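Please open the structure in a viewer and keep the sequence at hand. The tour proceeds by selections, and each stop explains what is to be found there.

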Amino acid sequence: MENDMVLTVSAIWQGFCALDKQDTCNYLAGIVKPQQHYNLLPLSKPTNNYHHNEDLLNLSTTTFSSTPTLERIDNVKAKYLPSTIIPPTSWVKYVKQWQGLRLPVITCRPRGRLGNIMGEYATMYSLKRHYNVTVVMNNDFKKKLKNIFLNTSLPDIPASAGPFKLKDWTPVQYIGSWNNYAPIELAAAGLLGPKKFIMEEYPFEIQMFHQFKEELKKEFTFAPNYTTKANRFLSSVMKNRSSELLDPVFIGFHIRRTDYKKFIKDRYGSRLPETPYFTRALTHYRTKFPKAAVFIVASDDLQYARSKLHQYHDVFFSPGFSAGEDMALLASCNHSIITVGSFGFWTAYLAGGEVVYADVTTKTEYRFSRKMFEKVGLDNFIPLPVD
């Protein structure tokens with residue numbers, strides 16, 4: 001009966017792929033006619049939990065085909081990328097429940113390392129806040145974060161549901177491009193039916209979760225042992241600096257290497273920032289904070305980082321004991337330098353202050369690029385050339 005109530009996931013995806021320069025808003029509004037469905041709650045009046053609604057009205061040429069979303073969105077004259085793509089008038093609400101939770105229910109399979117998983121959590125959190133959809137953490141996802149962060153508030157799957165079985169959940173992921181996770185919003189809006197959905201691959205929807213930055217900073221509150229170690233390290237750095245540095249300004253500096261060298265080349269036709277960018281970023285902050293700038297460097301390849309930066313008296317290296325400790329240390333700094341990747345993004349995002357990032361050139365749309373940061377409205381992120 002559910003198949004008669006809503007379009008199937010595959011049909012929705014095929015519909016998106018077939019679109020070419022059609023009005024996304026009109027298309028979405030026409031997918032589901034709530035009055036024709038069984039067991040639905042009436043749609044409530046749209047509230048301000050839908051962000052940038054006025055921008056959505058301008059998306060007359062936006063589609064979600066195999067072309068990356070951000071390329072299509074260029075036709076919008078609004079300054080920033082809309083947080084969500086589906087207006088409340090097109091949402092579908094169901095009475096049907098599972099384990100006492102209103103369907104649809106969304107969880108996520110943890111993919112990647114700490115930075116990716118934080119992005120996946122933030123995406124789930126923003127789906128809950130934007131669409132008022134039921135979001136839960138499965139055990140595999142929860143254990144990736146539980147020892148590092150204290151205040152994650154997304155609930156667990158009820159114990160009464162029994163062991164988590166992947167086959168019981170309907171997968172939703174990107175379509176056409178790693179930057180186009182429109183299907184997860186379809187699921188959250190109720191347009192894929194009253195089901196249990198699991199987000200796959202690497203959802204990292206900055207434009208959705210940036211509105212809740214202050215809430216997420218509380219969600220990602222580090223456990224005391226992490227903050228204690230970070231503060232102890234920064235205190236030791238202060239003791240080793242010249243007495244003329246009365247008020248040091250700490251700049252966290254993350255250098256992503258190892259597997260990302262091949263990844264960014266194969267997927268994006270690009271390369272990692274090297275010495276010219278490092279020098280430019282250091283000079284930027286040394287000029288801005290004369291005799292006060294102190295750089296705290298962390299990397300997944302500390303040997304490489306040391307080989308490039310060991311000669312500078314104002315550069316100090318993280319002990320590199322764990323990803324969580326590096327994250328806490330860099331997030332404790334005043335400002336940031338990042339290269340590429342999700343880990344560096346989060347160190348800077350949580351630290352606040354000014355963020356210098358590598359303005360890399362890619363052949364396809366890249367999540368941590370100047371184009372995305374500007375569309376999302378990360379005004380404290382400052383691009384510097386890599387060559």
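In which loop is the place of proline 104? Select proline 104: this residue belongs to the loop between strand 4 (101-102) and strand 5. The model is a predicted one. Now add leucine 103 to the selection and look at the peptide bond that runs from leucine 103 to proline 104; this bond is cis, with omega near 0°.

**The sheet**

Next, select strand 5 (residues 105-108) together with strand 8 (residues 196-199). These two strands pair in the parallel sense over four bridges. One bridge may be inspected by selecting cysteine 108, whose partner in strand 8 is methionine 199. In general, the strands of a sheet pair through backbone hydrogen bonds, either parallel or antiparallel.

Extend the view to the whole sheet. It is an open sheet of four strands, arranged in the order 6-5-8-7, and the pairing is parallel. Which strands stand at the edges? They are strand 6 (134-135) and strand 7 (170-172); each has a single partner strand, so one side of each is left without a neighbour in the sheet.

**Two residues with positive phi**

Select glutamine 99, in the loop between strand 3 (97-98) and strand 4. Glutamine 99 is not a glycine, yet its phi is positive, at about 55°. Is glutamine 99 buried or partly exposed? Its relative accessibility is 35%, and therefore it counts as partly exposed.

Move on to asparagine 132, which lies in the loop between helix 6 (114-131) and strand 6. Asparagine 132 is likewise a residue other than glycine with a positive phi, here near 55°. Because its relative accessibility is 47%, asparagine 132 counts as partly exposed.

**A pair of helices**

For the last stop, select helix 15 (residues 323-331) and helix 16 (residues 342-351). Their axes come within 8 Å and cross at roughly 40°. An angle from 35 to 65 degrees falls in the oblique class, which means that helix 15 is oblique to helix 16. The crossing of helix 15 past helix 16 is right-handed.

Display the side chains where the two helices meet. Helix 15 contributes Ala323, Asp326, Met327, Leu330 and Ala331 to the contact, while helix 16 contributes Phe343, Trp346, Thr347, Leu350 and Ala351. What kinds of residue make up this contact between helix 15 and helix 16? Eight are nonpolar, one is polar and one is charged.

Methods:
Residues numbered from 1 in each chain as written. Predicted model: local features only at pLDDT ≥ 70, side-chain atom pairs only at ≥ 80, totals over all residues. Heavy atoms only, no water. Pairing = 2+ DSSP bridges. Axes fitted to C-alpha atoms, helices over the stretch in contact; angles between N-to-C directions. Parallel < 35°, antiparallel > 145°, perpendicular 65-115°, else oblique. Left-handed = near helix turned anticlockwise from the far one by under 90°. Contact = heavy atoms within 4.5 Å. Nonpolar A, V, L, I, M, F, W, Y, C, P; charged D, E, K, R; others polar. Buried < 20%, exposed > 50% of the residue type's maximum accessible area, 1.4 Å probe, protein only.
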